[in-house]
Amino acid sequence: MRSEEEVNRAVEQYADTVRRLCMIHLKNYADTEDIFQNVFLKYALSSVSFESQEHERAWLIRVTVNACRDLLKSFFRSRTVSIDEIMEQPAAPPSENREVLEAVLSLPAKYKDVVYLHYYEGYTAPEIGRILGKNVNTVYSLLKRSREMLREKLGGDEYEG
Amino acid sequence: MKDKLKKTFDSIRAEEELKASTLEFVSRKTGGYRKRKTVPYRRLVPALACLLMLFLGFGGYHVYFTPTSIISIDINPSLELGINALDRVVSVEGYNEDGEELAASLNVNHMNYTEAVEEILSNDIIAEYLSQDQILSIAVAGSDEGKTEKILSQVRACTEGEKNTHCYEASHEEIASAHEAGLSCGKYRAYLELKQYDPDITTEEVQGMTMKEIRDRIASLAGTEEAGESTSYRGEDSAQQKHGHGGQEHSGEGERHGHGYRQESE
């Protein structure tokens, strides 16, 4: 088990990352809260020793993604909420980003992780493959397809990745 | 696209409130970051409970089905009942053809041994032998002497109504060597006795003889050797027991044995 200081630091450091991943997958604040609690409790109780900050970050991302998946699986997609409701979340971004976020959120679930990890966190395809437990080539094609879909949704080639 | 995505995601931040509630939750769940040692132990508890159940199961099975005492019943059919620590009959074994037949026809498993002995005594085959004035011998053996004595007295009480029965104690070694010879305990003892007078006798022969036949044979052989010997056999328990332990020391055993007879006949 980790000390209180460690957990405090981890929450400070990674809360935004976890929040964004929740944002991608979940549709309401209560679920997000659940995930936060699960993820950081797991972090507090785990005895994994991290080699580096990067390792720690990757561990947390993986735990979060898995937790989101488990949650969605348990709900069995019975809870579908329209996109407007998502926008009413407390963390709803300013309107100029709304279009982009909407585009990302409208992607199928398996693309969203990849898009976020690649474009925001800056992970390379092999790294994403390791984190998500996917084949590298699968990640490449997921990235390629999501890029196409985003381009189609947002229009124009100004979004050249 | 990269910049725009980055900007979008940048605008998403974890609320302070969310962070605080998470920290509070973690702190509560971990009991103020103190409970470290209990976790591995707690995981072991169900596993240990399962193991315990398993051991209890096997142990119970073992205790129940291990005979601690043996009651050997001989007329012509030789029969042995294995009695477990809880006074229940857990095995019935016939030591000759008649005995096997009888064992197959009996249903005394899991009965209390007194009931079982009563049941056997009231069995038609046994009753027939008894009515033909045959001798019924019952030997009780066990590792625990107190227990053996208790069983013996119980069995004696059961057989009180019958004449021509005699009950005695036997030792464990005796039973082991009896089984080796393929005889039940009571018959083995009679066989040893007979062997003193007739060294040519074999276990196979004895197996087919009734107890009365053996007794009569012993009596007649003893009678020829020791004049004035009574032909009727009424073995006294103590004499029997001493004798039972004895090996093949012919003269010494014979003398002691003879003594027993004399006491009886006088």
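**Exercise 1. How many residues does each chain bring to the contact, and how much area do chain B and chain A bury?**

Counting as contact any heavy atoms within 4.5 Å, one finds 28 residues from chain B and 41 residues from chain A. This is a predicted model, in which local features need pLDDT of at least 70 and side-chain atom pairs count only at pLDDT 80 or more, whereas totals for chains, interfaces and linings use all residues. Residues are numbered from 1 along each chain as its sequence is written, chains are lettered from A in the order in which they are written, and side-chain values use heavy atoms, with hydrogens and water left out. Next, take the buried area, that is, the accessible area (1.4 Å probe) that two parts lose on being put together, summed over both: chain B and chain A bury about 3400 Å², 69% of it on carbon and sulfur atoms.

**Exercise 2. Find the salt bridges across the interface of chain B and chain A, and state which element of chain B gives the most to its side.**

With a salt bridge taken as a side-chain nitrogen of Lys or Arg within 4 Å of a carboxyl oxygen of Asp or Glu, the rule finds three across this interface. A:Glu12 and B:Lys19 are joined by a salt bridge between their side chains, at 3.1 Å from N to O. Turning to the elements, where helices are DSSP runs (H or I, at least four residues) numbered from the N terminus, helix 1 (2-10) and helix 2 (16-29) of chain B are those that give two or more residues to the side touching chain A. Helix 2 of chain B gives the most, with nine residues.
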